[in-house]
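Reader: Can you pull up the model? I'd like to go through a strand and a helix.

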Amino acid sequence: MKMLTIFNFKNKLSIHEQLDLLKLFNEGNVKTELIISPIIPVNDNEYSFSIASQNIAIKGRNVGDLTCEHLNYYNIKYAFVGHLERQKFLNETKDIIRSKIKQTIVGNITPIICFGKNKNYIAEIHQLLSGIQFQGKEIIIAYEILSATLSGKKDYSLEEISNHLTMLKRYLFISSQIYNFKYKLVFGGGVQCKDIPEIIKLGFDGVLIGDRTNTLLEVFNFLNQKEFSN
(Lines give C-alpha, C1' and ligand atoms only; values in the text may rest on other atoms or scores of the structure.)
Protein backbone atom coordinates (compact mmCIF):
# COMPACT_ATOMS: atom_id res chain seq x y z
CA MET A 1 0.00 0.00 0.00
CA LYS A 2 1.32 3.44 -0.93
CA MET A 3 2.28 5.87 1.79
CA LEU A 4 -0.10 8.82 2.17
CA THR A 5 1.23 12.40 2.17
CA ILE A 6 -1.04 15.32 3.06
CA PHE A 7 0.08 18.92 2.47
CA ASN A 8 -1.95 21.62 4.21
CA PHE A 9 -1.19 25.08 2.77
CA LYS A 10 -3.29 26.84 5.49
CA ASN A 11 -3.65 30.59 4.85
CA LYS A 12 -0.20 32.18 5.20
CA LEU A 13 0.61 31.69 1.53
CA SER A 14 -0.90 34.09 -1.01
CA ILE A 15 -3.31 32.82 -3.64
CA HIS A 16 -0.62 33.12 -6.31
CA GLU A 17 1.88 31.23 -4.15
CA GLN A 18 -0.62 28.45 -3.56
CA LEU A 19 -1.56 28.18 -7.22
CA ASP A 20 2.14 28.09 -8.17
CA LEU A 21 2.75 25.29 -5.65
CA LEU A 22 -0.24 23.33 -6.95
CA LYS A 23 1.15 23.62 -10.48
CA LEU A 24 4.64 22.61 -9.33
CA PHE A 25 3.37 19.63 -7.37
CA ASN A 26 1.17 18.60 -10.30
CA GLU A 27 4.27 18.40 -12.50
CA GLY A 28 6.24 16.39 -9.95
CA ASN A 29 6.82 12.68 -9.67
CA VAL A 30 5.80 11.98 -6.09
CA LYS A 31 5.21 8.26 -5.75
CA THR A 32 3.05 8.46 -2.63
CA GLU A 33 -0.68 8.90 -2.47
CA LEU A 34 -0.95 12.70 -2.31
CA ILE A 35 -3.65 14.98 -0.87
CA ILE A 36 -3.19 18.76 -0.96
CA SER A 37 -5.31 21.31 0.89
CA PRO A 38 -5.13 24.88 -0.49
CA ILE A 39 -6.96 27.82 1.10
CA ILE A 40 -9.34 28.14 -1.86
CA PRO A 41 -11.47 25.39 -3.42
CA VAL A 42 -10.09 24.21 -6.76
CA ASN A 43 -11.44 21.48 -9.01
CA ASP A 44 -10.02 18.12 -8.04
CA ASN A 45 -10.27 16.88 -11.63
CA GLU A 46 -7.60 19.36 -12.76
CA TYR A 47 -4.81 17.73 -10.77
CA SER A 48 -2.97 14.43 -10.58
CA PHE A 49 -3.43 14.39 -6.78
CA SER A 50 -6.49 14.76 -4.56
CA ILE A 51 -7.70 18.10 -3.19
CA ALA A 52 -8.91 18.58 0.39
CA SER A 53 -10.83 21.42 1.97
CA GLN A 54 -9.28 23.02 5.05
CA ASN A 55 -12.61 23.00 6.85
CA ILE A 56 -16.26 22.04 6.51
CA ALA A 57 -19.55 23.42 7.81
CA ILE A 58 -21.45 22.11 10.80
CA LYS A 59 -25.01 20.90 10.39
CA GLY A 60 -27.59 23.62 9.83
CA ARG A 61 -27.42 27.18 8.60
CA ASN A 62 -24.09 28.94 9.19
CA VAL A 63 -21.93 31.55 7.51
CA GLY A 64 -18.56 31.29 5.79
CA ASP A 65 -17.90 27.54 5.79
CA LEU A 66 -18.20 25.28 2.76
CA THR A 67 -20.72 22.45 2.92
CA CYS A 68 -20.35 18.96 1.48
CA GLU A 69 -22.53 20.09 -1.43
CA HIS A 70 -20.02 22.86 -2.24
CA LEU A 71 -17.12 20.42 -2.10
CA ASN A 72 -18.96 17.94 -4.32
CA TYR A 73 -19.34 20.71 -6.92
CA TYR A 74 -15.54 20.91 -7.12
CA ASN A 75 -15.21 17.10 -7.01
CA ILE A 76 -13.36 17.46 -3.69
CA LYS A 77 -13.44 14.23 -1.69
CA TYR A 78 -11.58 15.21 1.51
CA ALA A 79 -11.97 17.80 4.27
CA PHE A 80 -10.04 18.62 7.42
CA VAL A 81 -12.15 18.35 10.54
CA GLY A 82 -11.00 19.88 13.83
CA HIS A 83 -7.51 20.98 12.86
CA LEU A 84 -5.58 21.66 16.06
CA GLU A 85 -5.08 25.34 15.26
CA ARG A 86 -8.85 25.77 14.92
CA GLN A 87 -9.32 24.01 18.24
CA LYS A 88 -6.78 26.22 19.99
CA PHE A 89 -7.41 29.63 18.42
CA LEU A 90 -11.07 29.38 17.38
CA ASN A 91 -12.27 27.31 20.35
CA GLU A 92 -13.60 24.57 18.11
CA THR A 93 -15.19 22.16 20.54
CA LYS A 94 -15.72 18.41 20.58
CA ASP A 95 -19.41 18.89 19.72
CA ILE A 96 -18.57 21.09 16.73
CA ILE A 97 -16.04 18.56 15.45
CA ARG A 98 -18.48 15.68 15.87
CA SER A 99 -21.13 17.64 13.96
CA LYS A 100 -18.68 18.14 11.11
CA ILE A 101 -17.72 14.47 11.09
CA LYS A 102 -21.38 13.51 10.79
CA GLN A 103 -21.79 15.92 7.87
CA THR A 104 -18.96 14.24 5.98
CA ILE A 105 -20.60 10.84 6.39
CA VAL A 106 -23.88 11.91 4.81
CA GLY A 107 -22.15 14.18 2.28
CA ASN A 108 -19.79 11.58 0.78
CA ILE A 109 -16.65 13.37 1.99
CA THR A 110 -13.71 11.62 3.67
CA PRO A 111 -12.84 13.49 6.87
CA ILE A 112 -9.26 14.14 7.95
CA ILE A 113 -9.90 14.11 11.71
CA CYS A 114 -7.21 15.86 13.74
CA PHE A 115 -6.35 15.22 17.36
CA GLY A 116 -3.38 15.51 19.72
CA LYS A 117 -4.28 18.60 21.74
CA ASN A 118 -4.33 16.71 25.05
CA LYS A 119 -1.85 14.38 26.72
CA ASN A 120 -4.62 11.81 27.10
CA TYR A 121 -4.77 11.29 23.35
CA ILE A 122 -6.83 8.07 23.52
CA ALA A 123 -9.60 9.80 25.48
CA GLU A 124 -9.42 12.71 23.03
CA ILE A 125 -9.93 10.65 19.88
CA HIS A 126 -12.54 8.51 21.64
CA GLN A 127 -14.60 11.63 22.38
CA LEU A 128 -14.56 12.49 18.68
CA LEU A 129 -15.43 9.03 17.31
CA SER A 130 -17.58 7.31 19.94
CA GLY A 131 -21.20 6.67 19.09
CA ILE A 132 -20.92 7.76 15.45
CA GLN A 133 -21.88 5.09 12.93
CA PHE A 134 -19.58 5.52 9.94
CA GLN A 135 -21.43 3.06 7.69
CA GLY A 136 -18.26 1.31 6.57
CA LYS A 137 -16.68 4.46 5.15
CA GLU A 138 -13.02 5.36 5.26
CA ILE A 139 -11.69 8.14 7.47
CA ILE A 140 -8.23 9.62 7.85
CA ILE A 141 -7.04 10.18 11.40
CA ALA A 142 -4.26 12.72 11.86
CA TYR A 143 -2.32 12.47 15.11
CA GLU A 144 -0.48 15.75 15.65
CA ILE A 145 1.72 17.08 18.42
CA LEU A 146 0.17 20.47 19.21
CA SER A 147 3.36 22.27 20.22
CA ALA A 148 5.18 21.03 17.11
CA THR A 149 2.24 21.95 14.87
CA LEU A 150 2.22 25.50 16.23
CA SER A 151 5.99 26.00 16.08
CA GLY A 152 6.81 23.93 13.02
CA LYS A 153 9.64 22.34 14.99
CA LYS A 154 10.11 18.78 16.18
CA ASP A 155 9.94 18.69 19.98
CA TYR A 156 9.25 15.00 20.58
CA SER A 157 11.10 11.72 20.25
CA LEU A 158 10.20 9.00 17.80
CA GLU A 159 10.44 6.52 20.65
CA GLU A 160 7.68 8.44 22.43
CA ILE A 161 5.55 8.47 19.28
CA SER A 162 6.12 4.74 18.81
CA ASN A 163 4.72 4.06 22.27
CA HIS A 164 1.69 6.22 21.51
CA LEU A 165 1.15 4.42 18.22
CA THR A 166 0.90 1.04 19.91
CA MET A 167 -1.94 2.29 22.10
CA LEU A 168 -3.61 4.13 19.23
CA LYS A 169 -3.68 1.10 16.96
CA ARG A 170 -5.12 -1.02 19.73
CA TYR A 171 -7.89 1.52 20.31
CA LEU A 172 -8.60 2.04 16.59
CA PHE A 173 -8.74 -1.70 15.89
CA ILE A 174 -11.55 -2.10 18.43
CA SER A 175 -13.34 1.15 17.58
CA SER A 176 -13.30 0.52 13.83
CA GLN A 177 -15.27 -2.68 14.41
CA ILE A 178 -17.73 -1.10 16.83
CA TYR A 179 -18.40 2.05 14.80
CA ASN A 180 -17.88 0.44 11.38
CA PHE A 181 -15.15 2.47 9.73
CA LYS A 182 -11.94 1.89 7.80
CA TYR A 183 -9.08 4.22 8.54
CA LYS A 184 -5.64 5.49 7.67
CA LEU A 185 -3.51 6.98 10.42
CA VAL A 186 -1.07 9.78 9.61
CA PHE A 187 1.36 11.70 11.80
CA GLY A 188 1.98 15.46 11.75
CA GLY A 189 3.71 18.23 13.63
CA GLY A 190 7.21 19.42 12.81
CA VAL A 191 7.87 16.41 10.57
CA GLN A 192 11.38 16.42 9.11
CA CYS A 193 12.39 14.66 5.91
CA LYS A 194 14.93 12.44 7.64
CA ASP A 195 12.24 11.16 10.00
CA ILE A 196 9.68 10.23 7.33
CA PRO A 197 11.09 6.73 6.63
CA GLU A 198 11.16 5.99 10.36
CA ILE A 199 7.60 7.30 10.86
CA ILE A 200 6.40 4.94 8.14
CA LYS A 201 8.49 2.11 9.56
CA LEU A 202 6.84 2.63 12.95
CA GLY A 203 3.50 1.81 11.34
CA PHE A 204 1.87 5.08 10.36
CA ASP A 205 0.17 5.17 6.97
CA GLY A 206 1.58 8.58 6.12
CA VAL A 207 2.50 12.10 7.18
CA LEU A 208 0.82 15.50 7.43
CA ILE A 209 2.96 18.51 6.44
CA GLY A 210 2.05 22.13 7.35
CA ASP A 211 2.14 25.49 5.64
CA ARG A 212 5.78 26.62 5.77
CA THR A 213 6.91 26.98 2.15
CA ASN A 214 10.45 25.76 2.75
CA THR A 215 9.12 22.64 4.50
CA LEU A 216 6.55 21.96 1.79
CA LEU A 217 9.19 22.22 -0.93
CA GLU A 218 11.77 20.25 1.04
CA VAL A 219 9.39 17.35 1.63
CA PHE A 220 8.08 17.50 -1.93
CA ASN A 221 11.61 17.28 -3.37
CA PHE A 222 12.44 14.49 -0.93
CA LEU A 223 9.38 12.49 -2.00
CA ASN A 224 10.28 12.98 -5.67
CA GLN A 225 13.49 11.05 -5.03
CA LYS A 226 12.14 8.31 -2.78
CA GLU A 227 9.50 5.63 -2.91
CA PHE A 228 7.81 4.47 0.25
CA SER A 229 5.29 1.76 1.05
CA ASN A 230 3.81 0.57 4.30
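Author: What follows is about one strand with its neighbours, then one helix, in a predicted model.

Reader: Start with E4. Are its faces covered or open, and which residues are on each side?

Author: Both faces of E4, residues 78–81, are covered. Tyr78 and Phe80 lie on one side, Ala79 and Val81 on the other, and all four are buried.

Reader: What does E4 pair with on the E3 side, and in which sense?

Author: E3, residues 50–53, pairs with E4 in the parallel sense, over two bridges. Ser53 has Ala79 of E4 as its bridge partner.

Reader: How does the chain get from E3 to E4, and is the crossover right-handed or left-handed?

Author: The chain goes through helix H2, residues 68–73, in a right-handed β-α-β crossover.

Reader: And E5? How many bridges there?

Author: Four bridges join E4 to E5 (residues 110–115), again parallel. The bridge partner of Phe80 in E5 is Ile112.

Reader: Switching to H1. What's its span?

Author: H1 covers residues 15–26, which is 12 residues. From first C-alpha to last, H1 reaches 16 Å, close to the 16 Å expected at 1.5 Å a residue.

Reader: Which residues of H1 are buried?

Author: Gln18, Leu21, Leu22 and Phe25. Viewed down the axis of H1, the buried residues fall within an arc of 100°, so they line one face of the helix.

Reader: What do they pack against?

Author: Strands E1 (4–8), E2 (33–37) and E3, plus helix H9 (213–225).

Reader: What's on the face turned away from the buried side?

Author: That face of H1 carries His16, Asp20 and Lys23, which are exposed.

Key: Residues numbered from 1 in each chain as written. Predicted model: local features only at pLDDT ≥ 70, side-chain atom pairs only at ≥ 80, totals over all residues. Heavy atoms only, no water. Buried < 20%, exposed > 50% of the residue type's maximum accessible area, 1.4 Å probe, protein only. Pairing = 2+ DSSP bridges. Right-handed = clockwise from strand over helix to strand, strands pointing away. Expected span 1.5 Å × (residues − 1). Arc of directions from axis to C-beta. Contact = heavy atoms within 4.5 Å.
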